[in-house]
Amino acid sequence: MDLRRKLSILADAAKYDASCASSGTTRRDSLSGRGIGSTEGAICHSYAPDGRCISLLKILLTNACAFDCLYCVNRSSSNVPRARFTVAEVVDLTLDFYRRNYIEGLFLSSGIIRSPDYTMEQVVAVARTLRTEHAFRGYIHLKTIPDASPELLAEAGLYADRLSINIELPSETSLKTLAPEKDVRAIRRSMGRMRARIEEAQAEKRAPAFAPAGQSTQMIVGADGMDDRTILATSANLYGAYRLKRVYYSAFSPIPDASRLLPPEPPPLVREHRLYQADWLMRFYGFEPKEIVAEGEGNLALHMDPKLAWALRNRARFPLDVNRAEKGELLRVPGFGRTAVERIIAARRVRAVRLEDLTRLKVPLAKAMPFIVCADHRPGALLDRTDLEVRLAPKPRQLELAL
Amino acid sequence: MIHVRLECETDFAGWRQAARRLIGGGIAPRDVMWSVGGAADLFGAGAPLPDDTPAAQFTVPRGFLRLAETAFLHRDRERFGLLYRLLARLRAEPGLLSIAMDSDVARVEGMAKSVRRDIHKMRAFVRFRQVEVAGAEWFVAWFEPEHHILEANAPFFQRRFAGMKWSILTPEASAHWDGETLTFGPGGTRAEAPADDAMETLWRDYYASIFNPARLKISAMKSEMPVKYWRNLPEAALIAPLIADAERRAGEMIAHAATPANPRPHRLEKAALDAEQADGLEALRAQALGCRACPLWAPATQTVFGEGPTDAPVMFVGEQPGDQEDLDGRPFVGPAGRLFDQALQDAGLERARAYVTNAVKHFKFEPRGKRRLHQSPNPVEIRACNTWLAREIALVRPRLVVALGASAAQAVSGRAVRVGESRGRIMPLEGRDALVSVHPSYLLRLPDAEARAREYDRFVADLRLAAPYLAG
Ligand code: SF4
């Protein structure tokens, strides 16, 4: 099979993996050495028409897989064409693409062939060759194979900037039904091992770096019946237990050659988007997972962002005085981002903040106004109006079909 | 009207020098006219700044220079005057820069932001094409930046592509790296750059394959990859056809949703469970790995079962595993475990001769950001987990059971126990001996060092009571 065909098959097989980031690693460059590459900033080199960034060469080593996970196009019982790269082919492709500035590095994943250790050994061999033979300084993200031996994991961490292992589904029950051979405990044990190694390396200054950009995971949304509350609780657990850098949510996408047990529907993209917003609220805005989904509800509202929905449910905590409220409170105002809040706090030390100042900070005023008081504005009865939700929730938009 | 001429568009040093002298001469921003290069005075207006004007010595707030330097690269000609006005205002209003909504500050920051974005986009969208120059590989790119950023940005490419020889041509200037030095030259034209590269076909294949037609989001793509950059991106030619075909492909996937399974799937040979052949304790451990008897298993990483010789004379029972134990799958390896080891040593005991376990086998916690807050197991959980502990005790048959802390004592004896009252003496319990002491994590929580030392000694004294059992 020629390289073009292999690349098409093995990139196509990788397109369902949502992670793409190339951030958060140690800073390196190639100035002093014979090699190539640097890790300054995380750069998206292109965007696909699905709006997703292309930062890394994201491919599978092989899409042949011994497992039969129903949501996966590569499952053993699917009829898709199979291909397999050699280690050298992946190494050359990465270097050739990198030299032309198409990518920041490599994201390598693989179907499981022969045994977890055999597969992991091949994945590690690619990273080892790039780093040791070619002094490649770009970014490497390796997907680890569940329950591969701790020695292979340790070696992977030496070469990789980031390691990840996909939790795949938010609950063990759905994993049992849809991915009978996957063992959620094995996945968790691997995550636990990674966290322990990452922390060991951080604690010991002279220890060789181990996955300095941390670990991440992906959860598929909408392939099973799990609600957003379950999903967010799972994420909170994963962040707390394994210090993940990111949980990626991937709206289940209809796959060619799908199994009968899956929903043959378009992917729930809005839901995925709301989950990302909710995840953001947990990580950067001090929200508890429990408060994000309304009491008695399983899912996030689809027609407005979770922060606005939370504020509408908690009107008693508003209005907040922009010139007085604490940072943590201001971060809970709909429409206020982290930058805006920092700028408000810096400016109000010098003078009172007014409504038009907020416009200059690009705060969406209509959304924020009912919840705030500032030098020249009080929301009055606005906050208590029963139709406030209707006024604030954006109108549904047309689907995008044309350029 | 004073007329200041700068050497070139990126002559920040010249601007800075002039600004100091303008301030020294007390010249108001509205009385200054700025231009770049050119001997002839296009407007015939304005006189040069008198040679004897002194440069004022003053300091500017932190952050101003960097902001000004970045905004200076903007292509807007008004930036020279705007920056001078901001500088002049700063002298009277030192806090000005923190008022992000001031219109001058906002404009300058907006310019700097736009420059930074252009710098970032250049890093992203430069596409090198390989050519041969004097028998050697050379990589050449054509790029059209929006602002005057080439010089400022070239060191980035130098750091990244140090091991290659390359040139970047732009309409205004060019940058070249021969593997040793970075040089700048005049601008060029697109025709001077190579028109194609052998890797572009593969890159386009990759671009087309990584796109998921079921998730079209065109506006998201356009906002991050503005159309003005498209003409120099080899993959951009695919965008329109990919979109046009996306609806059909996604529809097809949904329509043909289910296909019959491949009759000959490859499967892993399942390793046979050897738990059955193992002795009783090993089989018990294997079973406990799958325990679902109370809700604690779900959020935890794994069951933390006891460990030690199967015929150990002494069994230590702690409360429950903590964060580290949960990751490791072994009891007493975290901070409390290390303190426990120390105390055993000070009591003259050998941990390897004892069996160490916990009353509850899963870590109970509450996630809080990137931490897990330990929570005590409740009586229902302790009772549920007691099946395991009771069978451990039955299989190991220790002569002494040491319960560390109240929960452990409750689990071992089946009733609520006050540690303070019962600690430090050997008591008979169902045909064997029992001893109660505190949990080592209690010592870790004591705030003052003196109490800690005293309590530690008491703990060691309690442990010493186990010595005769281990000895013989
Ligand atoms: S804590 Fe004990 S009873 Fe509860 S699930 Fe874990 S092993 Fe079973």
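Domain bounds here come from an automatic or database domain assignment. The model is predicted: local features need pLDDT of at least 70, side-chain atom pairs count only at pLDDT 80 or more, and totals for chains, interfaces and linings use all residues. Residues are numbered from 1 along each chain as its sequence is written, and side-chain values use heavy atoms, without hydrogens or water.

**Exercise 1. Lay out the domains of chain B.**

Step 1. List the bounds. They are domain 1 (2–120), domain 2 (126–192), domain 3 (209–255) and domain 4 (265–471).

Step 2. Place two centres. Over C-alpha atoms, those of domain 1 and domain 4 of chain B lie 70 Å apart.

Step 3. Add the record. An unreviewed UniProt entry puts "domain: Uracil-DNA glycosylase-like" at residues 305–464 of chain B. Such annotations may be inferred rather than shown by experiment.

Step 4. Describe that stretch. Residues 305–464 of chain B are 44% helix and 19% strand (DSSP runs: H or I, at least four residues; E, at least two). The end C-alpha atoms are 25 Å apart.

**Exercise 2. Describe the interface of chain A and chain B.**

Step 1. Count residues. Contact (heavy atoms within 4.5 Å) joins 102 residues of chain A with 89 of chain B.

Step 2. Sort the chain A and chain B salt bridges (side-chain nitrogen of Lys or Arg within 4 Å of a carboxyl oxygen of Asp or Glu). The count is 9. One salt bridge links the side chains of Arg195(A) and Asp323(B), at 2.4 Å, N to O.

Step 3. Classify the side of chain A that touches chain B. Its residues divide into 49 nonpolar, 20 polar and 33 charged. Charged means Asp, Glu, Lys and Arg; nonpolar means Ala, Val, Leu, Ile, Met, Phe, Trp, Tyr, Cys and Pro; the others, Gly among them, are polar.

Key:
Chains are lettered from A and ligands numbered from 1 in the order in which they are written.
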